[in-house]
Amino acid sequence: MKARKAVNIRTCLGCHCRKDKINLLRFIILGSLLVYDAKQQKGGRGIYCCDNDNCLKRFKKNRKKLAKALHVKVCEWNDELKRSGSIE
Ligand SMILES: [Zn+2]
């Protein structure tokens, strides 16, 4: 029996460093809304950011570019998303 190591490297869209996604915050686009996916289980296109203020700041700043990259018109950001930890 071989245990396959599940390492999923993703790029932080704040600092562009590559990390295992378990060390990153995951966000998805629902419609035009950027939502925080606390459990990293929601479907859809995920984007990732380090869990630190510097990266999140840049990430927010970059969201127009993100919107373009994700082919959505706008990328709304809600500061409460991270804190609430839920998109329900
Ligand atoms: Zn980062």
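A residue is buried if 20 or more other C-beta atoms lie within 10 Å of its own, exposed if 12 or fewer, and partly exposed in between. By that rule glutamine 40 is partly exposed, because 16 other C-beta atoms lie within 10 Å. The structure described here is a predicted model, and the protein in it holds three helices and five strands. Of its 88 residues, 20% count as buried.

**Overall layout**

- Read from the N terminus, the elements follow the pattern β-β-β-β-β-α-α-α, with the strands written before the helices.
- Among the contacts in the protein with a separation of 6 or more, 50% are made by residues that stand 24 or more positions apart.

**Confidence in the model**

- The mean pLDDT of the protein is 78, and 75% of its residues reach 70 or more.
- When the elements are ranked by mean pLDDT, β2 has the highest value, at 95, whereas helix α3, made of residues 80–84, has the lowest, at 53.
- Where pLDDT is low, the predicted coordinates should not be read in detail.

**The sheet**

- Three strands form an open sheet in the order β4-β3-β5, and their pairing is antiparallel.
- The edges of this sheet are β4 (33–36) and β5 (46–50), each of which pairs on one side only, and the twist from one strand to the next averages 35 degrees.
- Strands of a sheet pair through backbone hydrogen bonds, either parallel or antiparallel.
- Strand β3, which covers residues 24–30, pairs with β5 in the antiparallel sense over five bridges, and phenylalanine 27 stands opposite isoleucine 47 in β5.

**The nonpolar core**

- The largest nonpolar core has 14 residues, and those with the most contacts inside it are Cys12, Leu13, Leu25, Phe27, Tyr48 and Cys49.
- The elements that contribute two or more residues to this core are β3, β4, β5 and α1 (53–61).
- In soluble globular proteins, nonpolar side chains tend to be buried together.
- Leaving aside residues up to four places away in sequence, cysteine 49 touches nine named here in full, namely Cys12, Leu13, Gly14, Leu24, Leu25, Phe27, Cys55, Leu56 and Phe59.

**Cysteine 12**

- Cysteine 12 is placed in the loop between β1 (9–11) and β2 (18–20), and it counts as buried because it has 23 C-beta neighbours inside 10 Å.
- Apart from residues up to four places away in sequence, the contacts of cysteine 12 are Cys17, Lys19, Leu24, Tyr48, Cys49, Cys50 and Cys55.
- Cysteine 12 and isoleucine 47 are separated by 35 residues in sequence, while their C-alpha atoms are 7.8 Å apart in space.

**Two residues with a positive phi**

- Most residues other than glycine have a negative phi, and most peptide bonds are trans.
- Histidine 16, although it is not a glycine, has a positive phi of about 65 degrees; this residue lies in the loop between β1 and β2.
- Histidine 16 has 10 C-beta neighbours inside 10 Å and therefore counts as exposed.
- Glutamine 40 is also not a glycine and has a positive phi, of about 55 degrees, and its place is in the loop between β4 and β5.

Note on methods:
Residues are numbered from 1 along each chain as its sequence is written. This is a predicted model: local features need pLDDT of at least 70, side-chain atom pairs count only at pLDDT 80 or more; totals for chains, interfaces and linings use all residues. Helices (H or I, at least four residues) and strands (E, at least two) are DSSP runs, numbered from the N terminus. Two residues are in contact if their C-beta atoms, placed from the backbone, lie within 7 Å. Two strands pair if DSSP finds at least two bridges between them. Axes are lines fitted to C-alpha atoms, for helices over the stretch in contact, and angles run from 0 to 180 degrees between N-to-C directions. pLDDT is the predictor's confidence in each residue, from 0 to 100. A nonpolar core is a set of buried Ala, Val, Leu, Ile, Met, Phe, Trp, Tyr and Cys residues joined through C-beta atoms within 7 Å.
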